[in-house]
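Here are my notes for you, as numbered points to read with the structure open beside you. Take them one at a time, and find each residue before you move on.

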Amino acid sequence: FNVNNNIADITYDFKNNNTINPYRVAYNLQQYKSDVRLSLEAKYRISYKKKRKGVDFRIFAAKLIGGQNSLLAFSLSGNNDYLYDYTLLARNGYYPGNARPWIQNAQFVEKDGGFKNLSNIAPSNNFMITTNLQASLPFVPLALFADVGLTENTIISNQNITKSMKVAHNMGVALVLVPKVCVVYFPIIQSANLNKLKYIDRVRLTINFNLINPFNLISNFNI
């Protein structure tokens, strides 16, 4: 149980941290003012014989009960870190035309929808369900990835209630520099509703500063 920025945050999870086929299932409840957010995240890895390689599956499902413009809304791209759980080079995400270096715009966290490509679809204030897949390629520090998701927004205007549902997907190749710490994602295919950015602005990366430790980096380095 945690209270951060007046947000009540309760998580229950169970996991298997074995080297072969680990998994984790986490249930989360957050409450901010009159808004309540319920979510489920499930991860499972099919391990290869080669150490630190395998196929990773992730499922995220969430429902928001509350206001139309809630702080707790969930994003396909996963950068809405309102609890400040992660160290980000730029906390406000990418905005076309800003003067920040590419690496600040490109960094993201695999949370919420977990899409590797930047999404211009508005954060969901109703429900979301996504699936993420990443499969290591043998002998090289590369992986294939794919994301697919369904998101719905409730729009209230002049006492009229309408619902807007979006389906999106993206696929590509990842360069795994250090497993779980630094990975660069190069999109190849994406649905038209994700974004219309230049290619370099669609390339994104994870830098998990919470796991950066010189001894861990040496042991995790992907050869």
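1. Start with tyrosine 185, which is buried in this predicted model. Its relative accessible area is 6%, and buried means under 20%, so tyrosine 185 falls in that class.

2. Which residues are linked with Tyr185 into a cluster by ring pairs? They are Phe108 and Phe145. The structure holds two aromatic pairs. In one, phenylalanine 108 and tyrosine 185 meet edge-to-face, with 5.8 Å from centre to centre and 65° between the planes. This pair links distant parts of the chain, since phenylalanine 108 is in the loop between α1 and β6 while tyrosine 185 is in strand β9, 77 residues apart. Phenylalanine 108 is buried too, at a relative accessible area of 2%.

3. Now look at phenylalanine 145 and tyrosine 185, another edge-to-face pair, with centres 5.3 Å apart and 85° between the planes. Phenylalanine 145 lies in strand β7 (residues 142-157) and tyrosine 185 in strand β9, so this pair ties together parts that are 40 residues apart in sequence. Both phenylalanine 145 and tyrosine 185 are buried. There is also a charge to find here: the charged end of lysine 116 sits over the ring of tyrosine 185, 5.7 Å from its centre.

4. Next, please find asparagine 117, in the loop between α1 (102-106) and β6 (127-136). Buried or exposed? Asparagine 117 is buried, with a relative accessible area of 0%. Its side chain makes a polar contact with the side chain of glutamine 190, at 2.4 Å. Leaving out residues up to four places away in sequence, asparagine 117 touches several others, including Ser77, Asn170, Pro187 and Asn195.

5. That last name leads to asparagine 195, which is found in the loop between β9 (182-190) and α2 (199-202). Asparagine 195 is buried, with a relative accessible area of 6%. Its side chain reaches the backbone nitrogen of leucine 197 at 3.2 Å. Beyond its neighbours within four places in sequence, the contacts of asparagine 195 include Asn117, Leu118 and Arg202.

6. Let's turn to the nonpolar cores. The largest one has 15 residues, and Ile7, Leu72, Phe74, Leu76 and Ala168 have the most contacts inside it. Strand β5 (residues 54-65) gives the largest share of this core, three residues. Apart from it lies another core of eight residues, among them Ala106, Val178, Leu205 and Ile207.

7. How many salt bridges does a search of the whole structure find? It finds eight. One of them joins the side chains of glutamate 41 and arginine 24, at 3.3 Å from N to O. Glutamate 41 is in strand β4 (residues 35-47) and arginine 24 in strand β3 (residues 23-32), 17 residues apart. Glutamate 41 is buried at 16% relative accessible area, whereas arginine 24 counts as partly exposed at 26%.

8. Glutamate 41 also meets arginine 58 in a salt bridge, at 2.8 Å from N to O. Here strand β4 holds glutamate 41 and strand β5 holds arginine 58, so parts that are 17 residues apart in sequence are tied together. Arginine 58 counts as buried, at 4% relative accessibility. For the wider picture, Asp13, Arg24, Glu41 and Arg58 are linked in a network of salt bridges.

Terms used: Residues are numbered from 1 along each chain as its sequence is written. This is a predicted model: local features need pLDDT of at least 70, side-chain atom pairs count only at pLDDT 80 or more; totals for chains, interfaces and linings use all residues. Side-chain values use heavy atoms; hydrogens and water are left out. Helices (H or I, at least four residues) and strands (E, at least two) are DSSP runs, numbered from the N terminus. Buried means under 20% relative accessible area, exposed over 50%, partly exposed in between (1.4 Å probe, protein chains only). A polar contact is a pair of N or O atoms within 3.5 Å; within protein, one must be able to donate a hydrogen and the other to accept it, and residues adjacent in sequence count only if both atoms are side-chain atoms. Contact means heavy atoms within 4.5 Å. Rings of Phe, Tyr and Trp (its six-membered ring) pair if their centres lie within 6.5 Å; planes under 30 degrees apart count as stacked, over 60 as edge-to-face and the rest as tilted. A charge sits over a ring if NZ of Lys or CZ of Arg is within 6 Å of the ring centre and within 35 degrees of the ring normal. A nonpolar core is a set of buried Ala, Val, Leu, Ile, Met, Phe, Trp, Tyr and Cys residues joined through side-chain atoms within 4.5 Å. A salt bridge is a side-chain nitrogen of Lys or Arg within 4 Å of a carboxyl oxygen of Asp or Glu.
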